[in-house]
Amino acid sequence: MTRAVTPSGKTHLRRSLLFVPGSSPAMMMAAPFLGADSIVLDLEDSVPASEKDSARVLVVKALDSIDFRGAEKVVRVNSAGSGLLKADVEAVASRADTILLPKADVESLGRLAALLACAQHAQVIALIETATGLEEAFACARAARVTGLFLGAEDLTLDMGMERTREGDEIFYARWRVVAAAAAARVASIDTPYTDMSDEEGLRRDLQVTRRLGFTGRACIHPLQVEIVHEALRPDQAAVEWARRVIRADEDARAKGTGAVTLDGRMIDAPIVARAHHVLDRAATYERREVRD
Amino acid sequence: MTRNALGREIPEGLPGGRRIYDGSHPASRLTGRSGRVKGVGMMTAPSGKTLPSIEDAIRASGLKDGMTVSFHHHLRDGDDVLNMVLEACSRMGLKDLRVAASSIFPVHAPLVDHIRNGVVTAVEANYIGGPVGEAISAGLLPRPAILRTHGGRVRAIEAGELEIDIAFIAAPCADPGGNLNGVQGPSACGSLGYAVVDAQYARCVVAVTDNLVPFPACPISIPGGNVDFVVEVDSIGDAAGMVSGSTRITRDPVGLVIARNAARAIQASGLLKDGFSFQTGAGGTSLAVASFVRKMMHEGRIKGSFGLGGITEFFVSMLEEGLFSTLLDTQDFDATAVRSLRENPRHQEIDCGLYASPGRKGAAVDHLDVVVLGATEVDTSFNVNVTTSSDGVVMGGSGGHSDAAAGAKLTVIVTRALRTRLPVIRDSVTCVSTPGDSVDMVVTERGTAVNPARPDLAGLLRERGILVRDILEIKEEIEALVGRPAPLAISGRIVVINEYRDGSVIDVVRQVV
């Protein structure tokens with residue numbers, strides 16, 4: 001599973017990225033206890049224009065004074081076109097683990113990289129929410145400091161003039177494209193938040209798509225979504241058992257020097273063995289994280 | 001000056017020769033009924049019980065300077081009767097009255113002027129919110145107000161410690177014979193559970209109604225045999241004001257996480273099974289706990305026994321979904337609860353003594369499995385303040401808090417550890433409302449603190465993966481963020497005597513400087 005490595009060398013899972021308004025000290029102080037792998041202190045959409053400056057000050061204070069209990073400290077800065085990017089980055093880059101850049105594309109990621117010159121360890125997650133960003137997804141994933149692609153479906157569908165539906169058929173291509181680009185660049189892929197906060201069942205259904213497509217994590221806009229995301233992305237017991245049997249059968253075959261191996265009537269080849277290792281690796285990582293929680 | 005069992009400084013020689021709280025269970029000193037039930041013979045007016053005005057009723061009742069008048073709070077912040085009666089008393093030149101209301105709300109702000117003018121010189125209640133609480137905190141009353149619990153008020157009435165001369169009962173429905181109910185009429189408030197006891201024990205009872213129906217009213221909550229006079233007025237209040245405070249599930253994300261964690265703790269306790277009985281406060285987080293518990297009951301096909309206390313739409317839905325066999329109702333918080341009480345025989349009206357009095361031979365709170373309650377402050381000994389704000393101003397009172405906490409097998413406090421910049425968890429609460437030995441756990445956004453007296457519970461919670469933390473650790477963590485609260489600037493003058501449910505003095509509130 002793709003993980004982010006922080007300046008301190010700690011490895012972060014990014015199953016869940018929980019958004020917290022940068023203008024709300026109470027929410028920021030509570031955030032470390034809400035169970036998310038990554039906490040996104042937001043300076044962009046959740047902060048009214050009149051509060052941008054004060055929110056920046058509050059986020060700096062929060063980064064300096066709050067113990068985030070091992071969670072990844074992410075700050076969503078304002079976009080390159082907002083006129084606020086420079087001030088945001090200069091204030092938070094040396095304090096946060098990661099900068100989340102909205103409306104990311106190759107050009108804006110380049111500008112961000114230049115601003116980050118002094119922040120040696122800062123990572124970047126590219127928020128893909130424009131048609132340009134989507135078309136440049138692989139290049140974005142390979143841009144300097146980028147350790148994750150994040151699909152922002154609400155702004156993307158707006159940019160593309162699409163109708164946004166509960167079923168989400170219209171974003172299937174974007175999801176697929178982001179996952180593929182992230183996988184090719186070996187960075188994390190984070191699925192768009194589920195915006196109906198009261199519909200837990202809808203979130204669970206939608207997470208099946210997240211999981212099947214291979215996203216490594218999902219954004220959350222309500223703390224109650226965090227646990228549901230973790231639950232849905234955890235490798236289930238049947239998959240873990242299958243993986244163990246595959247690896248056992250493969251090891252037996254190697255020991256005996258036999259060539260082709262079958263399990264339950266199906267041939268096991270190298271990709272299947274690799275997939276089994278991936279499942280066990282993911283399960284072990286989850287288990288470690290849950291013990292820590 | 002002496003210290004009670006909780007270490008609170010209590011002055012000696014308080015009026016009434018009050019006992020000091022010694023930490024023993026109230027059951028060990030039940031006082032029982034005094035036998036002071038109203039004597040035979042009614043004060044019936046020559047023309048029957050109906051009188052044309054409140055002034056006429058005041059005259060007929062024999063109300064004089066220095067007497068005690070009582071009121072119930074079923075109309076909560078929509079009540080007009082307390083204001084109407086005291087206004088009439090003021091016009092008639094009465095002075096030095098003691099107001100014994102079950103609760104006082106912001107709508108009762110005119111009471112402040114009556115205190116200022118000497119019409120009222122003493123206040124006793126179970127809850128005092130709004131301007132009256134602020135005025136009392138500022139030292140406006142010449143003698144300390146008395147705050148009791150809901151059960152403690154009944155006990156005090158029945159033991160003769162609180163003698164009511166005239167009970168003025170706001171009656172949403174009354175007949176000329178004085179039979180009353182709360183479920184019919186434009187001002188329907190549901191249960192009349194608090195008023196039942198006043199009607200039994202007051203020397204004289206005046207029903208004030210805006211819905212006079214032909215004899216007999218049906219149903220009858222308070223029988224005419226306990227009512228002396230009936231006065232018809234245009235309106236006894238605004239039923240919309242009954243829905244005061246927060247009676248909706250919180251939408252605050254952190255509040256919801258606290259609620260979910262509290263529900264999980266309840267499940268982990270092993271009490272959430274068939275026969276489960278439950279009470280919550282009407283606060284948004286408490287109701288959110290109920291919503292998670294409701295889901296767990298559905299998923300586990302659990303059939304509960306009873307829901308208790310102030311009844312909300314939410315508890316009604318749990319009754320109607322078959323999650324409870326019955327609701328025991330002392331007061332209603334919304335129109336749906338009133339409708340349910342009127343129509344559903346499994347929704348039962350109970351008087352406040354049956355709800356919570358420690359002076360009777362049995363109270364419903366003693367049958368409770370779980371109660372979920374809020375807090376303004378909690379100290380590291382788990383004592384809870386719901387009486388004052390952190391700046392020392394009276395803004396509430398125990399109500400049923402201490403009663404339910406004492407009775408339930410599991411008492412859960414849900415609160416943020418930090419409220420804006422104010423630490424809720426602290427070394428010492430501003431005023432003790434409920435003693436820590438009746439609190440089992442405090443669920444905050446920073447983890448759940450379990451009373452050290454319940455190591456069994458801490459173990460059960462940990463087994464379920466619930467983050468259990470030392471309350472001291474939570475306190476220190478939040479103090480590191482916002483600092484320690486500065487000591488309050490208070491004078492030595494006592495403005496409130498806070499009685500525990502057994503009548504002993506659990507704490508006092510001093511005047512804010």
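This is a short talk on the core, one sheet and the chain contact of a two-chain predicted model.

Okay, hi everyone. Keep in mind that we're looking at a predicted model here.

Let's start inside. The largest nonpolar core has 245 residues. If you want the ones with the most contacts inside that core, they're Ala126(A) and Ile169(B). As for who gives the most to the core, that's helix H7 of chain B, residues 253–268, with nine residues.

Let me stay with Ile169(B) for a second. Leaving out residues up to four places away in sequence, Ile169(B) touches His72(B), Leu180(B), Ala195(B), Asp198(B) and Ala199(B), and then the run Val205(B), Val206(B), Ala207(B) and Val208(B).

Now, strand S11 of chain B covers residues 204–209. S11(B) runs parallel to strand S12 of chain B, residues 229–232, and four bridges join them. Ala207(B), one of the residues Ile169(B) touches, has Val230(B) as its bridge partner in S12(B).

Zooming out, both strands sit in an open sheet of 10 strands in chain B, with mixed pairing. The order goes S3-S12-S11-S8-S4-S5-S6-S7-S26-S27. So what's at the edges? Strand S3 (50–51) and strand S27 (505–512) of chain B; each has a single partner strand, so one side of each has no neighbour in the sheet.

Last thing, the chain contact. 10 residues of chain A are in contact with 11 of chain B. On the chain A side, helix H1 (25–30) and helix H10 (223–233) are the elements giving two or more residues, and H1(A) has the largest share, with four. By class, that side has eight nonpolar residues, two polar and no charged ones.

That's it from me, thanks.

Key: Residues are numbered from 1 along each chain as its sequence is written. Chains are lettered from A and ligands numbered from 1 in the order in which they are written. This is a predicted model: local features need pLDDT of at least 70, side-chain atom pairs count only at pLDDT 80 or more; totals for chains, interfaces and linings use all residues. A nonpolar core is a set of buried Ala, Val, Leu, Ile, Met, Phe, Trp, Tyr and Cys residues joined through C-beta atoms within 7 Å. A residue is buried if 20 or more other C-beta atoms lie within 10 Å of its own, exposed if 12 or fewer, and partly exposed in between; C-beta atoms are placed from the backbone. Two residues are in contact if their C-beta atoms, placed from the backbone, lie within 7 Å. Two strands pair if DSSP finds at least two bridges between them. Ala, Val, Leu, Ile, Met, Phe, Trp, Tyr, Cys and Pro count as nonpolar, Asp, Glu, Lys and Arg as charged, and the others, Gly among them, as polar.
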